[in-house]
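Here is a walk through one protein chain, from its overall form down to single residues. Keep the model open and follow along.

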Amino acid sequence: MQKNYDLIIRNGIVVFNDSVKKADIGVYDGKIVEINDEISGDANEIIDALGFHIFPATTDGHVHFNSPGRMDWETIKTGSKAIAAAGGTVYFDMPLNSSPCTLDRKTFQAKLEIAKMDSLCDFGLWGGFSPNNMDKFEELAECGVIGFKAFDCFSGIDEFPGSDDYTFLKGMEQLKKLDLPLMVHCENDKLTSMLTENSRKDGKTGVWDYFAAHAPITEIESISRVISFAEETGCKLIIAHISTAKGVELVTEARRRGVDVFCETIGHYLYLTDYDVERMGTIGKCSPPIRDAENQLKLWGKLFNDEITFISSDHSPCDPKLKEGEFLNVWGGISACQTTLAGLLKHAYHDRKLPLHKIARLTASNVNEVFGIKGKGKIEIGYDADFTLVDLNKEYTLKSEDLFYLHKVSPYVDCNFHGQVVRTILRGTTIYKDGKIVSEPIGKLITPKR
């Protein structure tokens, strides 16, 4: 048994994957080497976690940090600090809205070099999936991408076109051979484009007009069709940021048939409704849009029934000027990567009594299992010593000055939370403590086991 440790965390209440109980944790060389009721021995550092819950640090599977190219929207440096403040130690950065987008080896390497210098947290990088780079999928896989991201609609960026049915079929055949997943933003392009065009012609550019142009059927039809390609090809499929309970049902039904498909949803579909967006304005615009209260209630039911695999932030910031104007026409994206766990502690645990170990699965272990990441996402011997210490009873109001984003805006500013991250530890090193970043960037590239 290990007797000398780099770190011992004592007296905390540990949130395991299937239970919650008091335990001490011993860490050596960045790994968990002992978990016991009490640990004796010496350590270079001892943390007394009395009164705190120790969660596995979160993994955010869906962020847009925009380095390189659009670093006036967000950067890996600022975004990774926000991840740490949220109790996270890993994020997976999307191939857009960086410019150039991550579509080949050269663009992957350009983003990787920035992340190696600037990322406080460990990181995975998504590769782009589009009609224009199908010949680059293999080289992106060789680079170590976490998976591929596609759009069944306009991505918002001209250099990253949406995929047609031929691209989905032939591209998913490739990804099956490469043993890498495809995540798809599911909204029917023809429907959303025509509905939006008709709204503009009629001078209807408000919030409810946007909701109508992105009605639930636009997501539901797309999910059904993309699942059919996954069923045909055998490609692992992740439906991005599902906003409709019916969409979750389609995934559940497909999984029962043996299709290798998973659900991701985002906090704001669980915490906010369409009337909240009407009240707050363009800061609450995202795509797919936030839905009504009836759908939200059903979505919570799906979550409690374990039909949703993991929860991410879809942190998609922009220059605040791009949020100025008519609702239908402004940028659609929400800044949220600093509030995912906090939101679940309030809305899922305190308000709805979802067990803490299920929150740990939704934010840490499940996402790593889906992507084949070994040694991340659980408090278990042999795993990386990635923890977040939480004061479960702390109530507070989030203020803009608390945010580490480049632009300190979010729909969650001035919202009340119940449960606060007080410390984040990456591979045994504290990177965030009591509201402050306390480490230089130490992030490493995470790649899937293939």
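Buried means under 20% relative accessible area, exposed means over 50%, and partly exposed lies in between, using a 1.4 Å probe and protein chains only. The model is predicted, so to speak of a local feature takes pLDDT of at least 70 and to count a side-chain atom pair takes pLDDT 80 or more, while totals for chains, interfaces and linings use all residues. Residues are numbered from 1 along each chain as its sequence is written, and side-chain values use heavy atoms, with hydrogens and water left out.

Begin with the whole chain. Its secondary structure comes to 13 helices and 18 strands. These are DSSP runs numbered from the N terminus: helices are H or I with at least four residues, strands are E with at least two. The C-alpha trace spans about 70 × 45 × 45 Å along its principal axes. The radius of gyration is 21 Å, which agrees with the value near 22 Å for a compact globule of 450 residues. That radius is taken over C-alpha atoms, and the globule rule is 2.2 Å times the number of residues to the power 0.38.

Now the inside and the surface. Of the 450 residues, 62% are buried. Contact means heavy atoms within 4.5 Å. Among contacts with a separation of 6 or more, 75% join residues 24 or more positions apart. The chain exposes about 17300 Å², and carbon and sulfur atoms supply 48% of that area. Accessible areas come from the Shrake-Rupley method with a 1.4 Å probe; for residues, only the protein chains shown count as cover.

Charge comes next. There are 52 positive and 65 negative side chains, and the centres of the two sets lie 2 Å apart. Lys and Arg count as positive, Asp and Glu as negative; His and the chain ends are not counted. Each charge is placed at NZ of Lys, CZ of Arg, CG of Asp or CD of Glu.

How many disulfides does a search of the whole structure find? The search finds zero. A disulfide here is a pair of cysteine sulfur atoms within 2.5 Å. For cysteine 101, the nearest cysteine sulfur belongs to cysteine 153 and is 14 Å away. Cysteine 101 is buried, at 1% relative accessible area. For cysteine 318, the nearest cysteine sulfur is that of cysteine 286, 12 Å away. Cysteine 318 is also buried, at 6% relative accessibility.

Turn to the backbone. Most residues other than glycine have a negative phi, and most peptide bonds are trans. Look at the loop between strand S6 (58-63) and helix H1 (76-85), where proline 68 is found. A cis peptide bond joins serine 67 and proline 68, with omega about 0°. Asparagine 66 is found in the loop between S6 and H1 too. Its phi is positive, about 70°, although it is not a glycine. Asparagine 66 is buried, with a relative accessible area of 1%.

Another cis peptide bond joins serine 287 and proline 288, with omega about -5°. Proline 288 is in the loop between helix H10 (274-280) and H11. On the other side of H11, the loop leading to strand S14 (310-312) holds aspartate 306. Aspartate 306 has a positive phi of about 65° and is not a glycine.

Helix H11 itself covers residues 293-304 and includes leucine 299. Leucine 299 is buried, at 0% relative accessible area. Its C-alpha is 8.0 Å from that of valine 248, across 51 residues of sequence. Beyond neighbours within four places in sequence, leucine 299 has contacts including Ile242, Val248, Tyr269, Leu270 and Ile308.

Two further sites join distant parts of the sequence. Aspartate 118 is in helix H2 (residues 105-118). Is aspartate 118 buried or exposed? Aspartate 118 is buried, with a relative accessible area of 18%. Its C-alpha is 5.7 Å from that of proline 441, although the two are 323 residues apart along the chain. Leaving aside neighbours within four places, aspartate 118 is in contact with Ile76, Lys77, Ser80 and Pro441.

Glycine 124 is in strand S8 (residues 122-125). At 0% relative accessibility, glycine 124 is buried. Glycine 124 and leucine 445 are 321 residues apart in sequence, yet their C-alpha atoms are 5.7 Å apart. Not counting residues up to four places away, glycine 124 touches Tyr91, Phe92, Asp93, Ile146 and Ile446.
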